[in-house]
Amino acid sequence: MDYSYRVNFELDINSDDMQSLQDAFCKTNDMYIMCVGKIHGQITSFSGSKPEEEYVDANFTPELRREIFDSFVDGVAENVVERFGTEDFLIYRGVAIRDTAGKLLGVWLCLGVDANRIPEDKLLPEGLRITTAEAYEKSIYLIETLTKYYFAEKMKSHALRQELSEEKNIEKEIEYKLRKNEIMTDILRLMESDSPFSKTSEDILRESGKYIDCTHTALLQIDESSISADMICEWVAEDAESLKDKFQAVPTVELPFMNGKPYTISSNAALPELFEVFFAKYGIKAGIFLPININDATAMYLCFLSVDKERQWSVDDLRFANDVKRILHTILIKKITTNSLASSYNALEAILRNAGYGVVVADLNDNTLLYTNDTFSRMFENEIDRIAIEEIIFDKRYDLPELNGYSANGSGKWFDISVANIKWVDERDVRLITFYDTTDLRIYQKKVEKQAQEDILTGLYNRQACEKDIAMEYHVATTLNKMFAVLMIDLDDFASVNEGLGYQVGDDLLEYIAHSINDISFIKGKCYRVGGDEFAVLVDHENYENLDFIIKRIMNLFDNPWTLNGQEYYCTISMGGVKAPADITDSSSILTRLNIALHGAKNKGKNRFEYYNDSSDVFMAEKVKMEQAMRKAVEDGCKEFEVYYQPIMEFVDGVPRCCGAEALVRWNSPEYGLVLPDQFIPQAEHLKLINAIGNHVLIEASKACKHWNDFGHPEYKVNVNLSVVQLRQPDIMDKINEALQLTAIDPKSLTLEVTESLAINDMERMIKILEAIRALGCRVALDDFGTGYSSLNHIRSMPIDTIKIDRAFVSDMGSDHFSEAFVKTIAELADSLDVDVCVEGVEYDKQIDMIGKFSVNLAQGFYFDKPLTRDEFEKRYLQ
């Protein structure tokens with residue numbers, strides 16, 4: 001399958017990935033490259049300073065760039081072209097970006113400055129990147145190789161996503177069929193009920209209504225004169241009201257569907273006038289109306305209704321409804337012709353003949369099969385399977401209602417089996433057995449389980465499998481009173497291999513190392529890849545006596561260089577080890593101790609082995625423990641992370657009045673108590689947990705402010721901080737938009753704060769993000785202003801609504817003339833730009849007096865109030 005269209009799409013839109021690749025490449029190879037797409041033109045911006053950019057633009061003209069780009073054509077193997085400019089020391093190349101079919105997607109335009117050819121009197125811009133012709137050619141080969149593998153991986157990734165999506169669809173279809181079969185089996189059992197027709201019908205309507213997920217199911221009976229109709233049975237969903245009283249003696253002329261024809265009407269259907277009046281009268285949004293005929297005349301209508309709820313009926317919905325109609329029809333016929341056994345049997349056979357599950361009715365007294373449908377016959381065509389399954393059918397000792405996971409050895413199929421004792425059509429006691437073929441589901445589950453526990457690159461088992469095997473070995477060793485060990489291996493400074501030699505070499509080396517370790521005697525099958533460049537080895541109790549030999553063999557592997565494609569690569573390792581059970585009471589603590597031992601080895605100079613011992617770094621253990629607690633808190637839905645609100649005051653005629661609050665997160669840990677942000681936010685950012693925590697705070701704060709706005713304070717706004725990590729996520733705008741949609745808060749009531757240092761470090765990207773935030777209607781505040789290195793010109797170019805002056809300047813007002821001048825200058829500038837100014841950290845009367853002298857309209861700090869829980873805030877400020 002050709003996925004080039006997908007790669008082309010990603011090439012054009014995922015400029016951040018291309019930009020990161022370009023920036024790193026230019027920096028490490030001392031040259032200049034830029035990416036140009038075939039569809040949308042230039043994708044990446046210049047990697048370098050302004051003087052460098054001006055020099056490159058002057059010497060790499062648009063005409064020369066176009067000439068290089070046009071040199072490439074689809075389907076041709078040539079991937080690199082050379083062109084010449086006006087200066088001998090400037091080297092120009094183009095590197096093609098192609099899909100697997102050779103179609104051109106884009107081009108890397110490359111420029112190098114050859115140090116050996118620069119004239120002595122030639123003046124070049126300061127900081128201009130300079131290389132050599134030899135190094136430049138190697139760099140061109142590297143970018144060609146990187147590009148080829150980058151887009152190959154893109155295509156492979158998309159293919160895997162497509163395959164997974166198809167597998168998930170199959171799984172859903174299997175689940176749907178199983179659920180439908182279960183419901184139909186329950187309904188079929190009701191066919192032999194001795195209860196009155198109305199009671200049996202109510203049971204069927206209840207089961208079918210729940211399954212099809214409508215608001216009402218009903219039977220309407222037409223009187224003998226065909227003049228009116230009554231609702232004789234009804235099932236109503238919990239959140240709906242009964243229609244039964246309204247459907248008594250209703251004239252058939254008011255029921256437009258009651259003409260002997262079936263109708264399936266979804267909410268998006270264009271209704272004829274009579275149906276439009278009927279639907280409006282009873283609040284019906286969608287309905288299925290199926291006639292039940294007796295002696296070629298319509299006696300009843302089976303109705304599936306969706307009242308006050310939009311509904312689009314599916315083909316499966318209609319099939320199910322018709323199956324239910326046929327069953328009700330059969331029951332009705334049986335009740336009418338009670339003495340006609342053949343009638344009931346024929347109706348049963350007509351319904352079950354081609355059902356998607358096997359059905360058997362057996363008389364255990366004389367060991368005979370009274371009925372089998374065609375599906376059962378196909379399921380057990382194999383003679384061995386047929387004999388085995390008949391032993392189960394006629395075994396009176398087998399009285400379990402369900403047997404899941406039955407394996408038919410002859411055909412290799414898997415079945416789930418249900419058993420029930422019922423009355424047969426002639427009133428004798430029989431056994432009803434249904435068979436569901438779950439083979440496809442079993443195969444899919446095994447495939448998913450294998451993928452979930454296997455590392456794609458090396459073929460080794462992954463961290464999940466490692467943890468599972470450690471837990472199992474711990475259980476066995478503890479039971480047998482034996483010892484085992486686990487080793488953790490980390491490749492020292494492996495990042496430099498990827499950066500210096502390329503990720504393909506790094507991947508090849510990882511694969512080579514993985515198999516070399518796994519092939520060591522007493523290890524085979526017990527080596528795991530648990531991280532990017534980390535491996536674990538489980539030495540079970542049977543091989544524990546060989547532990548020293550295994551450690552020595554692993555360390556010896558790295559005494560010599562690794563040879564790949566004729567090239568030698570040197571690599572050392574740090575390794576930690578844990579012996580168990582020892583004093584270990586829980587297998588989950590083994591990996592924690594391993595990490596501590598491994599860090600001990602790395603901290604002592606790397607290229608060494610360390611066992612865990614009680615004197616290992618206590619700080620590291622506590623850090624790991626807190627990380628685990630934090631991960632668990634996030635996995636549990638961030639419930640432990642509580643949002644506090646510190647009031648923000650607005651000065652109206654010199655009087656401070658609450659106009660909202662800043663949302664501040666606290667970690668209320670069962671183990672550590674109330675943890676303040678500076679004690680866990682840096683760790684959360686490092687572990688990438690801040691995304692989930694930040695999103696939780698954003699949603700909770702938005703919910704709170706929406707409540708304030710709805711209950712008497714439409715002017716209140718809430719400020720929410722966005723971390724560096726959050727803002728660097730490609731889906732940050734989606735998360736903000738989702739919070740707005742979920743909470744229904746007015747976007748104008750939400751202010752998002754970004755720190756000054758982040759904004760200045762990546763000004764161009766930050767401006768785009770801030771503009772996008774404001775485009776949603778939200779406000780933007782620049783937090784901690786004055787602590788970074790921004791100039792006043794930066795403020796002019798940034799799309800912001802509020803400047804928050806850091807508390808350091810507020811605390812020094814009155815004693816530091818610079819702080820006073822700074823606050824005054826920013827306040828005057830903000831006033832000219834129509835931007836609000838908020839001072840943080842206000843604690844004393846004298847600070848209030850100083851603020852009053854400047855154009856500052858907002859303030860917050862302990863002088864007004866401390867951060868409060870939502871309940872506390874609403875008791876004080878929602879009156």
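The legends below describe close-up views of a predicted model.

**View 1. The open five-stranded sheet and the helix across it.** The strands of this sheet follow the order β2-β1-β5-β4-β3, and their pairing is antiparallel. Because β2 (41-42) and β3 each have a single partner strand, they stand at the edges, and one side of each is left without a neighbour in the sheet. Within the sheet, β1 (residues 32-37) is joined to β5 (residues 104-113) over 6 bridges in the antiparallel sense. In this pair, Val36 is placed opposite Val107 of β5. Helix α4 (residues 62-70) lies across β1, β2, β3, β4 and β5, and runs at about 130 degrees to β5.

**View 2. The hairpin of β3 and β4.** Strands β3 and β4 form a hairpin, with 6 residues between them. The two strands, β3 (residues 80-83) and β4 (residues 90-98), run antiparallel and are joined by 4 bridges. Val80 stands opposite Val95, a residue of β4. In a regular strand, side chains alternate between the two faces of the sheet.

**View 3. The open six-stranded sheet.** Here the strand order is β17-β19-β20-β18-β23-β24, and the pairing is mixed. The edge strands, β17 (461-462) and β24 (609-611), each pair on one side only. In the same view, β18 (residues 484-491) and β23 (residues 573-580) run antiparallel, with 8 bridges joining them. One of the residues in this pairing is Leu491, whose bridge partner in β23 is Ile573.

**View 4. A cis peptide bond before Pro581.** The bond from Ala580 to Pro581 is cis, and its omega is near 5 degrees. Pro581 belongs to the loop between β23 and α17. Ala580 is also the residue at which β23 (residues 573-580) ends.

**View 5. The crossing of α13 and α17.** Two packed helices are described by the angle between their axes and the distance between the axes. The axes of α13 (residues 463-480) and α17 (residues 588-603) come within 10 Å and cross at roughly 115 degrees. This crossing therefore makes α13 roughly perpendicular to α17. From α13, the residues Arg463, Glu467, Ile470 and Tyr474 meet Ile590, Leu591 and Asn595 of α17. By class, this contact has 4 nonpolar, 1 polar and 2 charged residues.

**View 6. The second largest pocket.** This pocket has a volume of about 950 Å³. It is lined by 29 residues, of which Leu146, Gly502, Tyr503, Gln504 and Asp507 are the closest to its centre. Two or more lining residues come from each of α2 (15-29), α5 (133-189), α14 (494-501) and α15 (503-518). Helix α5 gives the most to this lining, with 8 residues. The lining of the second largest pocket divides into 12 nonpolar, 8 polar and 9 charged residues.

**View 7. The second largest cavity.** A search of the whole structure finds 2 cavities of 30 Å³ or more. The second largest cavity holds about 50 Å³ of space. Its lining is made up of Ala218, Leu220, Met231, Phe247, Phe257, Phe278, Ile284, Phe289, Cys303 and Leu305. The elements giving two or more residues to this lining are β6 (216-222), β10 (284-294) and β11 (297-307). By class, the residues lining the second largest cavity are 10 nonpolar, no polar and no charged.

**View 8. A positive phi at Asp308.** Asp308 has a phi near 65 degrees, a positive value in a residue other than glycine. The residue lies in the loop between β11 and α8 (315-336). Strand β11 (297-307) also contributes to the lining of the second largest cavity shown in View 7.

Technical notes. Residues numbered from 1 in each chain as written. Predicted model: local features only at pLDDT ≥ 70, side-chain atom pairs only at ≥ 80, totals over all residues. Heavy atoms only, no water. Pairing = 2+ DSSP bridges. 1 Å grid on protein atoms, 1.4 Å probe; cavity = no way out; pocket = protein on both sides within 12 Å on 5 of 7 lines; lining within 4 Å. Points joined across faces, edges and corners; volume = space filled by probe spheres on them. Nonpolar A, V, L, I, M, F, W, Y, C, P; charged D, E, K, R; others polar. Axes fitted to C-alpha atoms, helices over the stretch in contact; angles between N-to-C directions. Parallel < 35°, antiparallel > 145°, perpendicular 65-115°, else oblique. Contact = heavy atoms within 4.5 Å.
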